[in-house]
Amino acid sequence: MQGEDSFQILVEPENDSLPLMEINTCKTEASEPWDYVLVVNRHTERERRNIYLQFLENLKGKGFQYEVKDDQKKVFCGIRAESWIFDLYCTLLLEPEDQAPTQRLTPIPPTTRIRIVHFVLKNTTAAGDTLGDLIKKGVFEAKFPLHKGEGDLKTKWAQWRNMFQKQPIDDIRCYFGEKVALYFAWLGWYTYMLVPAALFGLITFLSGFSLFNASQISKEICEAHDIFMCPRGDHSRRYQRLSDTCTFAKLTHLFDNEGTVVFAIFMALWATVFLEIWKRQRAKVVLHWDLYGWDEDQEEMALQLINDPHYKLQRHEHSYLRSTIILILSLFMICFMIGMAHILVVYRVLAAALFSSSALPFLEEQVTTAVVVTGALVHYVTITIMTMANKRVALKLCDFEKPRTLSEQESKFTIKFFTLQFFAHFSSLIYIAFILGRINGHPGKSVRLAGLWKLEECHLSGCMMDLFLQMAIIMGLKQTLSNCIEYLKPWLAHKCRSMRGCESSDPELRDWKHNYHLNPVHTFSLFDEFMEMMMQYGFTTIFVAAFPLAPLLALFSNLVQIRLDAIKMVRLQRRLVPRKAKDIGTWLQVLKTIGVLAVIANGMVIAFTSEFIPRVVYKYRYGPCREGAHPEVDCLTGYVNHSLSVFYTKDFNDSVRIQGSEHITECRYRDYRNAHDHNFSEQFWVLLAIRLAFLILFEHVALCIKLVAAWFVPDVPQKVKNTVLVEKYQRLRDKYQRVQKMCSSPKSTTV
């Protein structure tokens with residue numbers, strides 16, 4: 001479309017609404033007559049050739065023009081819409097009242113041109129098939145809008161050296177549309193807000209170093225040469241001195257200390273403040289883009305009428321039967337995800353048996369550590385595989401639900417895919433945090449898998465070490481390996497495709513071939529980026545009490561992710577179809593859900609996985625300070641002995657097979673049980689009651705803090721509200737003055 005042939009009419013809207021059409025603050029692209037390109041294999045069959053020619057003729061009947069350029073192997077079809085289509089689009093989205101024909105008209109933005117052309121192309125049929133169906137059948141090979149005028153973005157944004165520079169959000173909006181611009185605006189704000197969270201987490205972690213050698217618990221463990229731990233499984237048929245775990249005890253104190261509780265509450269507050277301030281940022285951006293009163297349904301209907309003047313409105317529908325079927329299938333998939341977590345449990349049990357019989361001395365001595373590390377790697381591979389399966393299942397469920405519009409389809413798909421991904425990512429972590437080592441029984445009477453293999457137990461230094469290692473490995477791999485693959489895969493693919501050559505004497509055809517050799521994009525390309533960030537946000541907030549370095553890793557990853565996505569979109573991929581939006585949609589609800597889940601999960605980690613509650617209870621109920629503090633005595637003196645239960649070696653069914661059993665009469669294990677009958681002791685029930693009380697108190701306090709923060713920080717800045725209010729008042733005042741002028745004009749009389 002020629003820039004001077006299409007204009008946008010600006011009139012005053014009625015019913016006190018803001019203008020529905022955006023004021024064009026973007027630079028128009030250089031004169032480029034073609035908005036879209038379709039690619040056909042030159043040696044396609046005659047039947048397919050007739051179909052694609054019919055498709056082009058159908059486009060021509062809708063007011064489109066096309067030009068065919070032959071290459072040696074491909075046929076490129078340039079598509080453009082006539083100017084009246086864009087004028088019709090502008091007119092349909094304007095309120096009819098008070099149109100001012102003398103106003104200066106402005107050119108329509110290139111993003112809007114591409115969006116209109118894409119919508120009509122997507123809904124045009126030939127031989128009963130849409131363009132998407134024709135591509136699947138091989139009639140067309142590719143479709144894409146052309147990259148044009150991206151030089152500024154390449155210089156100011158899509159370079160690694162710009163990593164610490166501010167993003168040109170307005171330029172991104174003018175080139176890729178509002179939806180992509182809002183994604184990068186959100187990602188930039190998220191990265192900025194990670195700075196205080198990363199600093200607090202780092203301080204919490206480093207504070208453990210100040211007590212690395214001074215911790216009373218670590219001292220007692222390191223000096224416990226006469227305390228022997230019971231054999232922990234079939235892989236360990238010998239007693240182990242408690243002092244052998246000295247190093248791990250010191251490491252555990254780095255992230256399992258008193259600062260963990262404060263950090264968990266801080267992260268609950270941080271998540272709320274982050275979302276509330278983002279809402280304010282979004283309101284400012286949307287007002288700046290003149291999209292405050294934009295109506296997505298109205299634009300959808302306008303595009304449908306442009307595509308088909310006989311379009312009939314598709315009303316909202318709801319089927320309880322269909323919803324019930326989708327709910328059942330979703331629950332089945334969730335159960336399958338939980339089942340995958342059980343498969344990981346089986347792997348860990350079998351891996352423990354395998355490593356115990358290994359010829360490598362290191363594996364035999366560090367069976368638990370090896371199992372945790374390899375289990376995390378298997379979990380990462382499982383996540384990668386299940387992500388592909390979950391996407392297919394979510395799409396099928398979404399198609400079965402029959403959404404009315406693309407935005408509704410995306411919203412429903414988001415909810416389903418996120419739910420499946422959440423269980424795929426976090427089911428194993430939930431098992432480690434709250435189940436591992438708690439259903440194993442006790443020495444002499446262990447719970448066994450299929451009656452053969454003893455269930456895995458927590459690390460000798462506690463379950464927090466297992467959870468910390470699992471989180472560290474998964475986050476480390478996702479932030480490093482995944483980012484490397486995300487960049488190298490399209491880069492290598494682009495290099496391979498570029499080797500085919502873009503030579504042509506026609507500069508226009510050469511540009512089309514260059515765009516064709518870029519990596520293809522699809523409808524959910526931006527969706528995948530959002531989902532990746534949602535999962536990272538989950539790791540950053542959920543279970544952060546066990547891994548306070550998560551915000552720091554996320555901060556480093558996001559600094560890379562922003563430029564990686566920019567380089568992909570501008571340099572390595574075909575141009576995304578611009579989409580208009582005034583918020584991030586369903587993702588905001590996802591973020592709120594993760595925030596609530598984070599409060600619950602971190603409260604449970606502190607209450608049931610961490611040693612925080614047992615230490616506090618011992619200090620004030622059982623320890624030397626129960627009747628008052630003594631400066632010369634540490635209040636945790638004797639805690640290690642108090643927290644370990646006693647088991648008499650004579651009660652082992654096969655004590656002869658255990659190495660060193662002839663010299664040891666009793667061994668210790670982590671639990672609160674009586675020595676004579678192995679039932680739970682009084683301390684266990686006291687601790688359980690206090691753990692539950694703490695969990696309820698922590699969650700209520702954290703949620704109250706979130707609610708107060710949400711109330712204290714308004715979603716929309718007063719400046720934005722006042723600007724909207726002034727515009728409404730000015731329009732009403734102008735209308736009133738015109739009415740007054742009409743009423744006061746002299747009336748003609750007949751004599």
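1. Let us start with strands β2 and β8, which pair in the antiparallel sense over four bridges. The model in front of you is a predicted one, so please read every contact below as part of a prediction. Within this pairing, L38 stands opposite K143 in β8, and V39 faces A142, also in β8.

2. Strand β2 has a second partner. It pairs with β4, again in the antiparallel sense, over six bridges. If you would like one residue pair to look for, take V37, whose bridge partner in β4 is G78. Is β2 largely enclosed or not? Five of its six residues are buried, so the rest of the structure largely encloses β2.

3. Now for the sheet as a whole. Four strands make up an open sheet, with the order β3-β4-β2-β8 and antiparallel pairing. Its edges are β3 and β8 (142–145), each of which pairs on one side only. On average, neighbouring strands of this sheet are turned by 20° against each other, direction ignored. As you look at the strands, it may help to recall that side chains in a regular strand alternate between the two faces of the sheet.

4. Which helix packs on this sheet? Helix α1 does, touching β2, β3 and β4. The direction of α1 makes about 145° with that of β3. Helix α1 covers residues 46–61, 16 residues in all. From its first C-alpha to its last it reaches 23 Å, close to the 22 Å expected at 1.5 Å a residue.

5. Helix α1 also has two contrasting sides. Its buried residues are I51, Y52, F55, L56 and L59. Seen down the axis of α1, these buried residues fall within an arc of 135°, so they line one face of the helix. The face turned away from that buried side carries the exposed residues R46, E47, K60 and G61.

6. What do the buried residues of α1 pack against? Their partners include the strands β2 (36–41), β3 (64–70) and β4 (74–81). The list also takes in β6 (125–126) and the helices α3 (110–123) and α4 (131–136). Just after α1 comes G63, which takes a positive phi of about 100°.

7. Turning to charged pairs, how many salt bridges does a search of the whole structure find? It finds 25. One of them joins R173 and E178, with the closest N and O atoms 3.0 Å apart. Both R173 and E178 are buried.

8. Another salt bridge joins R404 to D297, and here the closest N and O atoms are 3.3 Å apart. This pair links distant parts of the chain: R404 lies in the loop between α14 (367–401) and α15 (406–434), while D297 lies in helix α11 (residues 296–307), 107 residues apart. How do the two residues count, as buried or as partly exposed? R404 has 14% relative accessibility, so it counts as buried. D297, at 36% relative accessibility, counts as partly exposed.

9. A third pair worth finding is K416 and E401, whose side chains meet in a salt bridge (2.6 Å, N to O). K416 sits in helix α15 and E401 in helix α14, 15 residues apart, and the pair is another that links distant parts of the chain. Both of these residues are buried. Elsewhere, E67, K69, D506 and E508 are joined into one network by salt bridges that share partners.

10. Further along the chain, have a look at strand β15 (residues 644–648). Four of its five residues are buried, so β15 is largely enclosed by the rest of the structure. Five bridges join β15 to β16 (residues 666–670), and the two strands run antiparallel. Among the facing residues, Y648 has E666 in β16 as its bridge partner.

11. Finally, some totals to put these details in context. The chain has 24 helices and 16 strands. Of its 751 residues, 51% count as buried. Among contacts between residues at least 6 apart in sequence, 80% join residues at least 24 apart.

Methods. Residues are numbered from 1 along each chain as its sequence is written. This is a predicted model: local features need pLDDT of at least 70, side-chain atom pairs count only at pLDDT 80 or more; totals for chains, interfaces and linings use all residues. Side-chain values use heavy atoms; hydrogens and water are left out. The expected span of a helix is 1.5 Å times one less than its number of residues. Buried means under 20% relative accessible area, exposed over 50%, partly exposed in between (1.4 Å probe, protein chains only). The arc is that of the directions from the helix axis to the C-beta atoms. Contact means heavy atoms within 4.5 Å. A salt bridge is a side-chain nitrogen of Lys or Arg within 4 Å of a carboxyl oxygen of Asp or Glu. Two strands pair if DSSP finds at least two bridges between them. Axes are lines fitted to C-alpha atoms, for helices over the stretch in contact, and angles run from 0 to 180 degrees between N-to-C directions.
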